[in-house]
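Please examine the sequence and the three-dimensional structure shown below. The paragraphs after it are meant for a reader who meets this structure for the first time.

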Amino acid sequence: MECYLDNSATTKCFEEVKDIVINAMTKDYANPSSMHIKGVEAEKYLKQSKEIIASTLKVNEKELFFTSGGTESNNLAIIGSAMANIRTGKHLITTIIEHPSVINTMKYLEEQGFRVTYLPVDEAGIVSLEELDKAICDDTILVSIMYVNNEIGSVQPIDKIAQMIKEKNPNTLFHVDAIQGFGKYKIYPKRLNIDLLSASGHKINGPKGVGFCYISEKVKIKPIAFGGGQQKGMRSGTENVPGIAGIGMAVLKTYENFEEKIDNLYRLKSYFVEEISKLEGVYLNGKTGLDSAPHIVSASFLHVRSEVLLHALESKEIYVSAGSACASNKPTVSPTLKAIGVEKELLDSTIRFSFSFETTKEELSYCLDALKEILPKLRIYKRH
Amino acid sequence: MFKSFLIKYGEIGIKGKNKYLFEDALVKQIKHALRKVDGEFEVSKQQGRIYVEVLSEYDYEETVDALKKVFGIVGICPVVHVEDEGFEQLAKDVVAYFKKAHPTLDQTFKVNARRARKNYPMDSMQINYSLGEKILQAFPNVKVDVHNPQVLLNVEIREKIYIYSTVIPGAGGMPVGTNGKAMLLLSGGIDSPVAGYMVARRGVKIDAVYFHAPPYTSERAKQKVVDLAKLVSVYSGPIHLHIINFTDIQLYIYEKCPHDELTIIMRRYMMRIAEHIAKETGSLGLITGESIGQVASQTMQSLAATNEVCTMPVIRPLISFDKQDIVDISLKINTYETSILPFEDCCTIFVAKHPVTKPNVNIIKRSERNLEEKIDELVETALKTEEVIICE
């Protein structure tokens, strides 16, 4: 049985997404900027996707910009707003458990003369509001905090964070990296006081190479790439029509029967968590209940190297990640796991299981059986 | 500008009656190397020389790069062709060529004429001093030195007239396929691809064996070895890569033998298996990337203990090289970047904290007796389930 439990790395496209992408590539393939009728036909795909996303987020269509994915969205939101507000201040705040596309962007801005505060998290991977309160200054121009952590599925109290930011310094912008959260939560940036929000297509059963950035019309921001002035000059370059059509369809499908699907994910997660906890030498990282993301379980396996366990599961067609696969294939210690205080001997023994709406209880049960069989075998042959 | 290349080959020129075998092999290897280069080429053997004639538009850099990778070539001379339109015109052409090819115009030189077409009105000596004179007149700072010239200007009178003076160093060695075949033990590291390259450079055709240990080593580690074999094959020609699943053997050794002897015993089984495949597939020796003292399993004692299981010659071209020297070659042959990709190979998975560095063969043999019950069967299964990938 093929059992793909690496949905936080990427997901399989919905059939409807595939169909619309093919249409946009082979039938309505014109440049949406072209003046002729075929250009207009192509532009319809952009409009339609914008409508879907705008109504899902309850924002204005003109506040949405399509990008090449989560990484670019994060770069645009952070670099674009930092550079545009440089006269107001040079202080930025983020957390130590952000995705590399945020952390490394912050590091780049530090080289450009910005000051960055990296907030710690508690052992559940939740940022400390107290620390945030202390960190916000008069010259803080941006706070960037992720919605759902990609490695352990911890969920930040975005509403409280936003409230605190706006109370302490109304000029400070709030960016949310929602790449793992969008499609698992209903997110309304305006209601939550979020100024900038990043999302990606391929994490929600859409295509790779496409994402979007919500930029509130109140935000002062500059583009980070320059060219033909498409998307109001905020993101030049011929629009990726097939990708944009695909992400629109993915959003539409994701939010159909949404509550039901999320309830089901939580049921699966609670089953998996309960069963895996029964195994010897297994430690779960972060929270595992309704206060955690519905699709991510991070577990550490004592005396088993994650890479070996990953390949042993692979031989049974079970696909998972060791640490954070999205970051790279370099076996380095995960800063997130370190930040939540995972013990040293477990750092290299951590596996992430991540589910999709298509995951079934049978698959999870198959995976649990495989673990029961593999773990004792691997533990006989440990490294000295 | 250049319409043909004269190929210089050193060592193979002195192989007596077998000379034609070496030349034919070299022609074959040159044709093979030019197969993927844009353009039409004709490779021919004429009067003890090999010429690559260019018959179409072509990319000079790409062509020279391909030729530089052919073992057996000592030098590559790019040749200019001019029509025979009388001596005066030839002199003009030669002067123009000299200026273009040696623009500093302050060298010592000598003209070396050769008449393949004997009906040319001047003989070689006359051509030499007449052309020399024209060059001296044209460039006041250029001087003649007949004993040790900086520029040896060759003028060959053929149907057309060939002019050449620069020699681009080739890869040296001998054409692949002239010295039998050997089996390379290829890991994902820096050393073994270099070892394969060095032996191939002596004209030996290469096959390779890789020991795969899933789930302890990944598909990517295997892909890395395939990629390395492909990089070596640029020089050596196609490599048959034998992939052996080694996991069960390794785990069995782990179970039955003292852990500080694991690496040595494991390597002895690798050698046994490699030799077995070598015999089956016509290889006459084994090649390893070992270098004395580099790691515990490469001390003299360890090498002796590993060598003891083989009857075939084990060629260790890197045996006295320092690591940096090996790295330098791997950079030159473009395998370094792939070699350092961080995937675990099967030698490092179960490595003991303090492995034996001076193994005693008798003690190792005694430990191996613990394996008697199942090991033959495991080896047989490993051999039976081998996967062969042709890397080119």
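The following paragraphs treat confidence, then one sheet, then two helices.

This is a predicted model, in which local features need pLDDT of at least 70 and side-chain atom pairs count only at pLDDT 80 or more, while totals for chains, interfaces and linings use all residues. Residues are numbered from 1 along each chain as its sequence is written, and chains are lettered from A and ligands numbered from 1 in the order in which they are written.

The predictor's confidence in each residue, from 0 to 100, is called pLDDT. Its average over chain A is 95, and 97% of the residues score at least 70. Over residues 324-329 of chain A, however, pLDDT stays under 50, and the model has 9 contacts beyond four places in sequence for them; a contact requires C-beta atoms, placed from the backbone, within 7 Å. Where pLDDT is low, the predicted coordinates should not be read in detail.

Helices (H or I, at least four residues) and strands (E, at least two) are DSSP runs, numbered from the N terminus. Two strands pair if DSSP finds at least two bridges between them. In chain A, an open sheet of 4 strands follows the order β9-β10-β13-β12, with antiparallel pairing. Its edge strands, β9 (282-285) and β12 (321-322) of chain A, each pair on one side only. Strand β12(A) is joined by 2 bridges to β13 (residues 350-354) of chain A, and the two run antiparallel. Across from A:Ile351 in β13(A) stands A:Ala322.

The first helix to consider is α1 (residues 15-26) of chain A. With 12 residues at 1.5 Å each, α1(A) should span 16 Å (1.5 Å times one less than the number of residues), and its end C-alpha atoms are 17 Å apart, which agrees. Buried residues (20 or more other C-beta atoms within 10 Å of their own, against 12 or fewer for exposed and partly exposed in between, with C-beta atoms placed from the backbone) in α1(A) are A:Val17, A:Ile20, A:Val21 and A:Ala24. They lie on the same side of α1(A) because they cover an arc of only 105 degrees around the axis, taken from the directions from the helix axis to the C-beta atoms. The face turned away from this buried side carries the exposed A:Glu15 and A:Thr26. The cover over the buried residues of α1(A) includes α2 (37-57) and α8 (241-254) of chain A.

In chain B, helix α3 has the buried residues B:Leu90, B:Val94 and B:Phe98. Their arc of only 75 degrees around the axis puts them on the same side of α3(B). Exposed B:Glu88 and B:Lys100 occupy the face turned away from that buried side.

Definitions and conventions. Contact = placed C-beta atoms within 7 Å.
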